[in-house]
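Trainee: Got a minute to walk me through this one? I'd like to go chain by chain, then look at the contacts.

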Amino acid sequence: MTVKREKTPGQAQSAWSARFLEYGLMWRALRRDRLAVISLAIILIFVLGAVFAPWLAPYPDQALGKSNLAEKLDPPSAAHPLGTDDVGRDLLSRILYGSRPSLSIGIFVVGLAMLIGTPLGAIAGYSGGWIDQAIMRITDIFLSFPALLLAIAVSAALGASFFNAMLSITLTWWPWYTRLARAQAVSLKEQTFVEASRAIGVPGFTIIRRHIIPNVLTPALVQATMDIGSAILMGSALSFVGLGVQLPKADWGNMLNVARLYFNDGPWFAIFPGLAILLIAMCFNLLGDGVRDVLDPQSRRTG
Amino acid sequence: MGKVEYIIKRLLLALLVLVGVSIITFVIARLIPSDPAALYVGPRAKPETREAARIKLGLDRPLYQQYLRYVGEVLRGDFGISVRSRRPIVDDLKVFLPATLELVLLSMIFTLVIGIPLGVLSAAFKDTWVDHSSRIFAVINVSMPVFWLALLLQLLFVRQLGLLPVGGRVSKEIAILAPIERITGFYLVDTALRGNWSAFRDVLQHLILPSVALASYAIGLSIRMTRATMVEVLQQKYITAAWAAGLTRRTVYFKLALKNAIVPTLMVLSLSFVWQVSGAMLVEIVFLWPGLGTYLVNAILTIDFPIVVSVALIVTVFYVFSNLFVDVLQAMIDPRVSLE
Amino acid sequence: MDQPLVIVRDLRLQFRTYAGIVHALNGIDLEIYEQDMLGLVGETGCGKSMTGLSILGLVPRGGEIVSGSIRFRGEDLLAKPESYMQQIRGARIAMVFQDPATSLNPLFTVGQQLETVMRRHQRAAKDEMRDRALELFKVVELPDPARILDTYPHELSGGMKQRASIAIALSCGADLLIVDEPTTDLDVTVQAQILDLLRRLRETQGVAILMITHDLAVVAETCQRVAVLYAGQVVESGPVDEVLFEAKHPYTRALLEASPKRSSRGQPLQAIPGTVPSGLQPLEGCSFSPRCPHAMDVCAQPPPRASVTPAHAVYCFLYSDAEER
């Protein structure tokens, strides 16, 4: 005979479902922030542009690398709305294709960093003791490296490629989420509902999974939204130095690397890819501001 | 007493971190999958020469011994020899480090002088046009790729207006006509000390664009951070009490509130100091600035790992100490800190 | 009694919020005399703190005084520019806040904070100011004044912090001290001491005190006069004994009935049915009428001021036929 375990009323609505409800309400509040909404719209346009680049780009083969020396360094015109690059490739198409590595780095790096760092921090904060110390010491050491430097060094060590760039940037990013999650976990640990759970014998891991992590998720998400912009910036910095996406594949960073040699003859080549980076980073920052104001008005982080 | 203890504790922690950092730097450099001995002797060397080099460089020893040997050398000021150029790295560092530092320091001055006051004003005049324009300015600065800004500045001031030079630290004319005597390596200081004003002006002209470019991110960051902290501080009861006591706006904003807001701002500044050191790399590439950044990037591309390790170590040491500096400053400003 | 130090007439304060316009003050009338001890009493949210802040011209953002006057020694403060108010604050009218832990700046010593205020309003040499500071600390009965000068707020107990705040408020010889819930966050024994101190300061320093509190007992013990506030309106005012023992207004009566001291053991507490209005609805008549057991149709009109005795006024239609309009 199996014993049917009844769901206690308190258990029915776990912290997770409470979170989802909260996010629904927050979304409605966010809608009122015009800047945030506009930013979100622009981001979506970029994402769509990236996904549908092969269909949207006027010269997809040039975007993939086919050169067109006859029209090299042509100023913006009807045929090439943003001009051409040093080997005559259409800049608009290249920029469209270049949005793919940039956006992917932003999203994946932050996503991975959050996935790795947050649980680690939650565990550290909740467990305390030597686990906490060990995790935090490692975190501190990673944090003592200037992020760009570490990313460049690791990327160089692993070999220049998009994947390695993504990996190395993630390596510099995860500690922030660990720190954030740990601080939250430490304060949550003292709260009565956690003590109550412990008192009735809920195992630590379950507490972490059910109570700590969902509560830690909110500041993490706020941070993540703002971080995507910074991750994109760092990704483009790496490719600017030659360590990310390699030519002839299009990437905003590596385009600027070439553009700087031609800024006298083809200023548009230097302007437009950078403008794209600026725009997308700004949108993520503004969106992050809006999200932060809505989800966590007490937060005192940069903003 | 509590304060001194706290400072000593922080110092020890910093040292611990430094050790960890040096280990990691060393390990990462080791990950570079090429054979330093082979690089050292060149492609046409005989296997025996390569073996000899291997032993000379200590590459046959177990890893931890190599590490200890490295640490010993560093502490004695010997950063090893560049695999490519065979020159002692420390000589290169003597030239390149001040070049980058000069850039970073000037950029930090810009940050302090522009970023913090704008942040304070933004908070004081919250929701007015002052606030809005300052925030837009800040968000643009924070979202701009610094190397792109550098390019734009070049486009504007060099190509369009022809006002400023395209790169380097000094122009060739000055190097011939009014050569700079290297005392500190900081050209602004060196030229001033010798009264070499034409060179001073030239150096300044070369410094302006790169340091402005470099400062942009930090300025944006400090505006945002200072504003946020100030806004929070201004809501505190003790500020209302200050208003109630009839204190003037200048006193309340700049004498009282700023002190309460300064600590997180300083933290951001220390963070941005480090960011600027790494950002300097990118700016140096654009402006052909002979500093640590160019040095490092070249070393990476030529797999000159002693250089990579040395530069990484130096920059990180700066980072650790600037963090320490902020912690100590916080302990001095905030009397409650030593109790934690 | 001679000319009042402060005369507030028909003060109306509104706040713009997301939910609409909140009417915080709906026509406050008050008089504060020289060396007076006026208790401004009412529930949370009735506008008593806002009244205090309005006198100082420190209404928080989003708030606007839409009508009324606040006369201080004959001058209407509402018509004065900010520079004038900055001279008045701290020097002629000073304020002591509810929680001294948050109203003293944690990063400066008590002495530094005192000196900043004194330096603002007075010209004096460094040692003169130090002497005056020590003297003030003695007046507020702080032990070991010289040491206190160099201590930080977090090193002092609650009572000592409050005394220090009072010293800072008195430092420039203010005529009026507005004290906002001075004892709410303190221990009971310390409460009594602070109230005692305030009572004595009135006589020794010649200062008038506006005591803002929700605690009727405090008012009964320390104040000479009292004004009862409900939903942004004064409903009754006068000498403490008269108002508390011969309460006329239904709200004052209900408030007194609800006090735990009044009810006998084992009996349920006499709560006032209904809830305090949110302030979002503009007020036409008597603010208490929705909950008043004696409400009449005419209560939809603004209640007239009736004098029970020359000093005791009540704003209620129940008494309007008794005296003048």
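Mentor: Here is a short tour of the chains, their interfaces and one buried strand.

Trainee: Ground rules before we start?

Mentor: This is a predicted model, where local features need pLDDT of at least 70, side-chain atom pairs count only at pLDDT 80 or more, and totals for chains, interfaces and linings use all residues. Residues are numbered from 1 along each chain as its sequence is written, and chains are lettered from A and ligands numbered from 1 in the order in which they are written.

Trainee: OK. How many helices and strands are in chain A?

Mentor: Chain A has 13 helices and zero strands. Helices and strands here are DSSP runs (helices H or I, at least four residues; strands E, at least two), numbered from the N terminus.

Trainee: And what box do its C-alpha atoms fill?

Mentor: Roughly 80 × 45 × 40 Å, along the principal axes.

Trainee: How much of chain A counts as buried?

Mentor: 48% of its 303 residues. A residue is buried if 20 or more other C-beta atoms lie within 10 Å of its own, exposed if 12 or fewer, and partly exposed in between, with C-beta atoms placed from the backbone.

Trainee: What about the contacts in chain A, by separation?

Mentor: Take those with a separation of 6 or more: residues 24 or more positions apart account for 71% of them. Two residues are in contact if their C-beta atoms, placed from the backbone, lie within 7 Å.

Trainee: Now chain B. What's in it?

Mentor: There are 14 helices and zero strands. Its C-alpha trace spans about 85 × 55 × 40 Å along the principal axes. Of its 340 residues, 44% count as buried. Among chain B contacts with a separation of 6 or more, 72% are between residues 24 or more positions apart.

Trainee: How many residues of chain A are in contact with chain B?

Mentor: 36 residues of chain A are in contact with 42 residues of chain B. On the chain A side, the elements giving two or more residues are H7 (129-143), H8 (147-158), H11 (204-241), H12 (252-259) and H13 (267-295). H13(A) gives the most, with nine residues.

Trainee: How does that side divide by residue class?

Mentor: Into 24 nonpolar, nine polar and three charged residues. Ala, Val, Leu, Ile, Met, Phe, Trp, Tyr, Cys and Pro count as nonpolar; Asp, Glu, Lys and Arg as charged; the others, Gly among them, as polar.

Trainee: Same thing for chain C against chain B, please.

Mentor: There, 25 residues of chain C are in contact with 18 residues of chain B. On the chain C side, the elements giving two or more residues are helix H2 (82-88), strand E6 (93-96), helix H3 (100-103) and helix H4 (110-121). H4(C) gives the most, with four residues. By class, that side has 13 nonpolar, nine polar and three charged residues.

Trainee: Switching topic. Which residues touch the most other members of the largest nonpolar core?

Mentor: Phe147(B), Val283(B) and Leu176(C), in a core of 264 residues. H12 (residues 249-287) of chain B gives the largest share, 21 residues. Such a core is a set of buried Ala, Val, Leu, Ile, Met, Phe, Trp, Tyr and Cys residues joined through C-beta atoms within 7 Å.

Trainee: What does Val283(B) touch?

Mentor: Leaving out residues up to four places away in sequence, Val283(B) touches Val146(B), Phe147(B), Ala150(B), Pro210(B), Ala213(B), Leu214(B) and Trp289(B).

Trainee: Any sheet in chain C worth a look?

Mentor: Try the open sheet of four strands, in the order E2-E1-E4-E5 (chain C), with antiparallel pairing. Strands pair if DSSP finds at least two bridges between them. The edge strands are E2 (20-32) and E5 (75-76) of chain C, each pairing on one side only. E1 (residues 6-17) and E4 (residues 63-72) of chain C are joined by eight bridges. Ile7(C) has Arg71(C) in E4(C) as its bridge partner.

Trainee: And E8 (residues 208-213) of chain C: why is it described as largely enclosed by the rest of the structure?

Mentor: Because six of the six residues of E8(C) are buried. Ala208(C), Leu210(C) and Ile212(C) lie on one side, with Ile209(C), Met211(C) and Thr213(C) on the other, and both faces are covered.

Trainee: Which strands are joined to E8(C)?

Mentor: E3 (residues 37-41) of chain C runs parallel to E8(C), with five bridges. The bridge partner of Leu40(C) is Ile212(C). E7 (residues 176-180) of chain C also runs parallel to E8(C), again with five bridges. Leu177(C) stands opposite Ile209(C).
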